[in-house]
Protein chains: 2
Amino acid sequence: MNFNDMNITIVGLGMEGGSYAIAINHYIKPKNLFAIDINENILIAAEKLGVIQKGSTDPKDILPQSDLVIMCIYPSDIISFIKIHMPLFKSGSIITDAAGVKRSIVNEIIDIIRDDLDFVPGHPMAGNEFKGFLYADQKIFHGNSYLITPTQKNREENILLIEQMAKRFGCSKVYRTDIETHDSMIAYASQLMHVIAVSIVNNENFSHDINQFIGGSFKSATRVANINPDLWTDAFMQNSDKLIDQINAFTDNMNLVKKALVEQDADTIYSFLEKSRMKSNEYVSQFE
Amino acid sequence: MNFNDMNITIVGLGMEGGSYAIAINHYIKPKNLFAIDINENILIAAEKLGVIQKGSTDPKDILPQSDLVIMCIYPSDIISFIKIHMPLFKSGSIITDAAGVKRSIVNEIIDIIRDDLDFVPGHPMAGNEFKGFLYADQKIFHGNSYLITPTQKNREENILLIEQMAKRFGCSKVYRTDIETHDSMIAYASQLMHVIAVSIVNNENFSHDINQFIGGSFKSATRVANINPDLWTDAFMQNSDKLIDQINAFTDNMNLVKKALVEQDADTIYSFLEKSRMKSNEYVSQFE
């Protein structure tokens, strides 16, 4: 199916959903772009701004006409939304999501979903530290990767459609991976970074005088400490086993440095820093 | 004394010393800018490039004519350099440094320094993750703060001279603080950030596949993992008590999150994230 013949619907017009909406308008140009949200004011504003053609707080106004539905609500809400509104989805339609955790969502949805619907799990490695439609920005996709964790039920053409959407958004690469690898790597590369940032900021030294003493390393490390607590609490809880593993591996490293400091063992610290320098250099081209 | 009448000397023409040299040429315009380094090739290159007027590997060619000497060598080398070459310093001259730790240097130097010399301890909150003269860049000072930890022996006019230099470099603010506060805050705001970055990178997940899974939070948090192991091992060892305290406070926070995950206690995680969000918002204007 061609994008120009499709009605696309965003469920949840927050920062991420709004960013999808803007990117879809710019790069996809579907027949219609719809939105479902619990906040009617946002829908009215998005209509007026020309971001969507039509919005509704009632899924039955929208879902029966939607060929592609993009779930941009919190992970724990995705399953209940799909369950409750299952009869409303258009036969043959594709559902995708943008959730940062996959095992907890994908396993349950493929068990319950109607056979004539196809759920293609997606996760754009894109976002910013802000919350709400006003912070929507199509640029969050640019140069970032887009992960897809296909299920055995997926039709290849539907996976390719989501991949094509991501590429048109300006994502640097689209990767397919399995849900186990996805959730482990996300626990490491994303969730752990957020636990670290808040653990730095929740310190008595972070107060009025801090400005005197901070340089680039502090600003970088704490950028995401201005966190959306609803979203990330939900994501952490849904991936708690993997995140616990990553916190353990990370604090083991911190404690290795601490032990060496206590023992005045400069050689161990030097080796640890040199290992980091070499690893950074080995993979640094991948960062830039 | 006016800068235009002064001979200024950089000891150690690496990334930081080179950055001082370039900034001094641009903003200070002293009578002469000299340099001392153990690497003659760097001195010859710096002379040819017009960055310095004269360089020497032998301090006795330079120190007797220097009105201001800026120590840009590793913290542990500063004391021995000043000790060994004490007789060579010009009477009335000012010595300053750029070291990131202060207690271990300042206490010893004020005990041994000649009465006709004035050591004004300085610490620009400036740097980059690279090593060596080729990475020298006057821009490292722009918009960053410059810390001075005056001693009771300092002459006010000499402190003001270093402050004026920092302001001309484009530093955002110059702060005076005591060495205890300095070393505690630097352990928190700088050294801890580097221990965190290397502890993230020294993980089996940081390998060929990592590029698929990283977003902005990972790139930010690991930027300084490409670390100079000599410099930072030295800095960590010289401030080990304060750094141990900060690692403890930080890992206590990480473990609080871990415990809540183990106990499936979403409320505690939510409160912890919300605290971070509020603190970030309260002080965010200071960051930008």
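Two residues count as being in contact here if their C-beta atoms, placed from the backbone, lie within 7 Å. With that in mind, welcome to this predicted model, and let us start from a single residue.

**A residue in the core**

Leaving aside residues up to four places away in sequence, Ile70(A) touches Ile8(A), Thr9(A), Ile10(A), Val11(A), Tyr20(A), Thr96(A) and Ala98(A). Ile70(A) also belongs to the largest nonpolar core, a set of 191 residues. Those with the most contacts inside this core are Ala21(A), Ile70(A), Ala21(B) and Ile70(B). As a general background, nonpolar side chains tend to be buried together in soluble globular proteins.

**Strands and their partners**

Strand S4 of chain A covers residues 68-71, and its partner S5(A) runs from 94 to 97. Which residues cover the two faces of S5(A)? Ile94(A) and Thr96(A) lie on one side and Ile95(A) and Asp97(A) on the other, and all of these are buried. Another strand, S2(A), spans residues 32-36 and is mostly covered, with four of its five residues buried. S2(A) pairs with strand S1 of chain A, residues 7-11.

The table sets out three strand pairs of chain A, each with one pair of facing residues.

| Strand pair | Sense | Bridges | Facing residues |
|---|---|---|---|
| S1(A) and S2(A) | parallel | five bridges | Ile10(A) and Ala35(A) |
| S4(A) and S5(A) | parallel | four bridges | Leu68(A) and Ile94(A) |
| S7(A) and S8(A) | antiparallel | three bridges | Pro124(A) and Tyr146(A) |

**A three-stranded sheet**

The pair S7(A) and S8(A) takes us to an open sheet of three strands in chain A, whose order is S7-S8-S9 and whose pairing is mixed. At its edges are S7(A), residues 122-124, and S9(A), residues 174-176, each of which pairs on one side only. Neighbouring strands in this sheet are turned against each other by 20° on average, with direction ignored. S8(A) itself consists of residues 146-148. What lies across these three strands? Helix H5 of chain A, residues 156-169, does, and it runs at about 175° to S8(A).

**How the two chains meet**

Now for the pair of chains. A rotation of 180°, with 0.0 Å of shift along its axis, superposes chain A on chain B with an RMSD of 0.0 Å. The two copies are therefore related as by a two-fold rotation axis.

In the contact between them, 76 residues of chain A meet 77 residues of chain B. On the chain A side, the elements giving two or more residues are the helices H6 (179-201), H7 (210-213), H8 (216-222), H9 (229-238), H10 (240-262) and H11 (266-287). H11(A) gives the most, with 16 residues. By kind, the chain A side divides into 44 nonpolar, 25 polar and seven charged residues. Because 100% of the interface residues of chain A are also interface residues in chain B, the copies meet through the same surface.

**A loop residue in chain B**

Finally, a look at Asn39(B), found in the loop between strand S2 (32-36) and helix H2 (40-48) of chain B. Is Asn39(B) buried or exposed? Neither fully: Asn39(B) has 15 C-beta neighbours inside 10 Å, so it counts as partly exposed. Asn39(B) and Gly14(B) are 25 residues apart in sequence, and their C-alpha atoms are 10.0 Å apart in space.

Definitions and conventions: Residues are numbered from 1 along each chain as its sequence is written. Chains are lettered from A and ligands numbered from 1 in the order in which they are written. This is a predicted model: local features need pLDDT of at least 70, side-chain atom pairs count only at pLDDT 80 or more; totals for chains, interfaces and linings use all residues. Copies are superposed by least squares on the C-alpha atoms of residues with pLDDT of at least 70 in both. Ala, Val, Leu, Ile, Met, Phe, Trp, Tyr, Cys and Pro count as nonpolar, Asp, Glu, Lys and Arg as charged, and the others, Gly among them, as polar. A nonpolar core is a set of buried Ala, Val, Leu, Ile, Met, Phe, Trp, Tyr and Cys residues joined through C-beta atoms within 7 Å. A residue is buried if 20 or more other C-beta atoms lie within 10 Å of its own, exposed if 12 or fewer, and partly exposed in between; C-beta atoms are placed from the backbone. Two strands pair if DSSP finds at least two bridges between them. Axes are lines fitted to C-alpha atoms, for helices over the stretch in contact, and angles run from 0 to 180 degrees between N-to-C directions.
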